[in-house]
Amino acid sequence: METLELALVFVHLLGMAAIVGGYLSGIAAATKRLSAGMVHGALLQIVSGAALLGIAEGGSDPVNHAKFGVKILVVIVIMFLAWPRRRATSVPSSTYHAIGLLTIANVADRKSTRLNSSH
């Protein structure tokens with residue numbers, strides 16, 4: 001089970017890297033555009049985050065549901081911002097920065113999602 005959890009954390013971090021990498025690579029561009037990697041990264045974040053929550057629920061440590069709830073809510077907001085604009089030739093600068101900064105904020109609290117965890 002630990003191997004599965006580590007693989008899911010790896011996939012989850014790849015999703016985050018796709019969003020942040022896409023954001024940083026286009027930050028200086030005059031015309032802001034969402035890369036396919038940013039949208040797919042958000043999808044990876046949702047799927048792998050839900051799977052990680054399932055693994056945490058199956059463990060013996062108590063789960064911090066509030067933390068999981070906030071993190072999932074943030075990535076859902078990112079998806080609502082990114083998905084409808086995924087094929088647009090340009091997006092408003094405010095939307096572009098919201099996607100990048102929400103992702104960075106979601107990563108900022110990357111400690112274990114379990115209470116009293118030894119990780």
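Me: At what angle do helix 1 and helix 4 pack, and how far apart are their axes?

Reply: In this predicted model, the angle is about 135° and the axes are 9 Å apart.

Me: Why are helix 1 and helix 4 called oblique to each other?

Reply: Go by the angle. To count as roughly antiparallel it would have to be over 145 degrees, and roughly perpendicular covers 65 to 115. Helix 1 and helix 4 pack at about 135°, so the pair is oblique. Their crossing is left-handed, by the way.

Me: Which residues make that contact between helix 1 and helix 4?

Reply: From helix 1 you have M16, I19, V20, G22, Y23 and G26. Helix 4 brings Y96, H97, I99, G100, L101, T103, I104 and V107. Sorted by class, the contact of helix 1 with helix 4 has nine nonpolar, five polar and no charged residues.

Me: What makes helix 1 roughly antiparallel to helix 2?

Reply: Helix 1 covers residues 2-26 and helix 2 covers residues 36-58, and their axes cross at roughly 155°. The cut-off for roughly antiparallel is over 145 degrees, so helix 1 and helix 2 earn the label. Their axes come within 8 Å, and the crossing is left-handed.

Me: Who takes part in the contact of helix 1 with helix 2?

Reply: Quite a cast! On helix 1, the residues include L4, L8, H12, G15, I19 and Y23. On helix 2, among them are G37, M38, A42, S48, L52 and I55. By class, the contact of helix 1 with helix 2 has 14 nonpolar, eight polar and one charged residues.

Me: And why is helix 3 described as roughly antiparallel to helix 4?

Reply: Same kind of check. Helix 3 (residues 65-82) and helix 4 (residues 93-108) pack at about 160°. Roughly antiparallel needs an angle over 145 degrees, so the description fits helix 3 and helix 4. Their axes are 10 Å apart. The crossing of helix 3 and helix 4 is left-handed. On the helix 3 side, the contact uses K71, V74, V75, V77, I78, L81 and A82. On the helix 4 side, the contact uses T95, A98, I99, L102, T103 and N106. That contact splits into nine nonpolar, three polar and one charged residues.

Me: How do you know that Y96 is buried?

Reply: Buried means under 20% relative accessible area. Y96 has 0% relative accessibility, so it counts as buried. Y96 is in helix 4. Leaving out residues up to four places away in sequence, Y96 touches G22, Y23, G26, I27, K32, R33, L34, M38 and V91.

Me: Which residues have the most contacts inside the largest nonpolar core?

Reply: They are L34, M38, A42, I78, A82, Y96 and I99, and the core has 13 residues. Helix 1, helix 2, helix 3 and helix 4 each supply at least two residues of this core. Helix 3 gives the largest share, four residues. As for I99, it touches I19, L34, M38, I78, L81 and A82, not counting residues up to four places away in sequence.

Me: What makes R33 partly exposed?

Reply: Buried is under 20% and exposed is over 50%, with partly exposed in between. R33 has 45% relative accessibility, so it counts as partly exposed. R33 lies in the loop between helix 1 and helix 2. Not counting residues up to four places away in sequence, R33 touches R87, A88, T89, V91 and Y96.

Me: Is R87 buried or exposed, and how do you know?

Reply: Exposed means over 50%. R87 has 67% relative accessibility, so it counts as exposed. R87 is in the loop between helix 3 and helix 4. The C-alpha atoms of R87 and R33 are separated by 8.7 Å, though the two residues are 54 residues apart along the chain.

Me: One last residue. Why is F80 called exposed?

Reply: The threshold again is over 50%. The relative accessible area of F80 is 61%, so F80 is exposed. F80 is in helix 3. Between the C-alpha atoms of F80 and A42 there are 10.0 Å, with their places 38 residues apart along the chain being the sequence separation.

Technical notes. Residues numbered from 1 in each chain as written. Predicted model: local features only at pLDDT ≥ 70, side-chain atom pairs only at ≥ 80, totals over all residues. Heavy atoms only, no water. Axes fitted to C-alpha atoms, helices over the stretch in contact; angles between N-to-C directions. Parallel < 35°, antiparallel > 145°, perpendicular 65-115°, else oblique. Left-handed = near helix turned anticlockwise from the far one by under 90°. Contact = heavy atoms within 4.5 Å. Nonpolar A, V, L, I, M, F, W, Y, C, P; charged D, E, K, R; others polar. Core = buried A, V, L, I, M, F, W, Y, C linked by side-chain atoms within 4.5 Å. Buried < 20%, exposed > 50% of the residue type's maximum accessible area, 1.4 Å probe, protein only.
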